[in-house]
Amino acid sequence: MASISALNIYPVKSCAAIDLRQATLGRAGLESGGVGDREWMVVEAGSGQFLTQREDARMALITPATVAGSLILHAPGMPALAVALDEFSLRSATLAVRVWNHACRAFDEGDGAATWLSDYLGRKLRLARFDPAHRRLSNREWTQNAEAHNRFSDGYPILMVSQASLADLNDRLLLAGREALPMNRFRPNIVLGDTGPFDEDRLLSLSGADFSLKPVKPCPRCPIPSIDQANGTRGADPLDILAQYRNDPRLGVVFGQNTIIARGFGAVLAVGQSLDEEWSF
């Protein structure tokens with residue numbers, strides 16, 4: 001029986017995680033303390049194009065926390081930035097933004113947040129918050145026509161990886177004379193324990209008493225796993241090792257499973273929780 005060994009949300013896309021003991025299954029992914037996964041996104045001023053660690057690895061060092069009704073962002077050499085959690089409902093979503101090929105309107109978190117990000121990353125930026133009235137759905141070809149809502153994630157509400165899969169990769173890295181990598185290089189929402197390597201690829205569902213999660217698409221990997229999330233520097237990219245045994249002809253190098261919520265919005269997940277498995281073979 002699989003278990004949950006870690007839970008993470010990433011309030012600001014491509015910034016650091018908040019490590020959780022419990023999380024709620026919201027309509028568009030994990031939530032905690034009034035904050036949703038990838039609810040905010042850093043965008044270029046003017047174009048609204050999203051920015052990630054692919055373009056600036058220092059985004060890994062923007063660390064979020066929630067305190068007394070605010071999202072607090074910290075970064076090296078910067079004062080803390082407080083973003084009120086409840087003010088967006090009093091505004092209109094007027095900021096035009098783009099994440100991959102999806103364009104929509106979002107809430108602009110104002111000049112203070114824009115100046116803070118621009119000063120830290122050295123380019124003209126804005127902080128956008130997802131409009132919950134907007135519908136951004138995962139690709140129905142992969143969800144088997146199920147509606148799976150997203151905020152600013154790459155395309156699916158939850159990313160799931162098993163500890164055993166990372167251990168398998170790390171064994172191969174060590175054999176190649178490379179260093180083992182921590183799980184945070186792969187930025188999952190749910191980390192599974194008590195499984196075999198890549199069991200997440202063979203699951204139809206993982207369930208608790210009041211919820212069901214469905215893996216729907218292997219996660220194609222970009223160069224972000226080469227970035228040390230503790231110091232924001234680039235190192236050796238593990239994709240060359242993964243490519244030796246994790247190359248999907250449709251998607252390229254894959255690691256982890258994009259996952260949707262089949263049942264149980266509002267259910268609470270907890271670290272250490274056991275999950276019932278339904279297999280695809």
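**Strands, cysteines and a loop residue**

Strand 10 and strand 11 (residues 102-108) run antiparallel, and five bridges join them. The model described here is predicted, and the points below look at this pair of strands, then at two cysteines, and finally at one residue in a loop.

**The hairpin of strand 10 and strand 11**

- Along strand 10, which covers residues 95-99, the side chains alternate, so to speak, between two faces: Leu 95, Val 97 and Val 99 point to one face and are buried, whereas Ala 96 and Arg 98 point to the other face and are not buried.
- Leu 95, one of the buried residues of strand 10, stands opposite Ala 106 in strand 11.
- Two residues lie between the strands of this hairpin, and in it Trp 100 takes a positive phi near 55°.

**The cysteines**

- The count of disulfides comes to zero, and Cys 219 is accordingly in no disulfide, with the nearest cysteine sulfur, that of Cys 222, lying 8.0 Å away.
- Because a disulfide requires two cysteine sulfur atoms within 2.5 Å, Cys 222 is in no disulfide either, its nearest cysteine sulfur being that of Cys 219 at 8.0 Å.
- Cys 219 has a relative accessibility of 10% and therefore counts as buried, since buried means under 20% relative accessible area.

**A residue in a loop**

- Ala 133 is found in the loop that lies between strand 12 (125-129) and helix 2 (140-143), and Ala 133 is exposed, with a relative accessible area of 66%.
- Ala 133 and Leu 25 are 108 residues apart in sequence, while in space they are 18 Å apart from C-alpha to C-alpha.

Terms used
Residues are numbered from 1 along each chain as its sequence is written. This is a predicted model: local features need pLDDT of at least 70, side-chain atom pairs count only at pLDDT 80 or more; totals for chains, interfaces and linings use all residues. Side-chain values use heavy atoms; hydrogens and water are left out. Buried means under 20% relative accessible area, exposed over 50%, partly exposed in between (1.4 Å probe, protein chains only). Helices (H or I, at least four residues) and strands (E, at least two) are DSSP runs, numbered from the N terminus. Two strands pair if DSSP finds at least two bridges between them.
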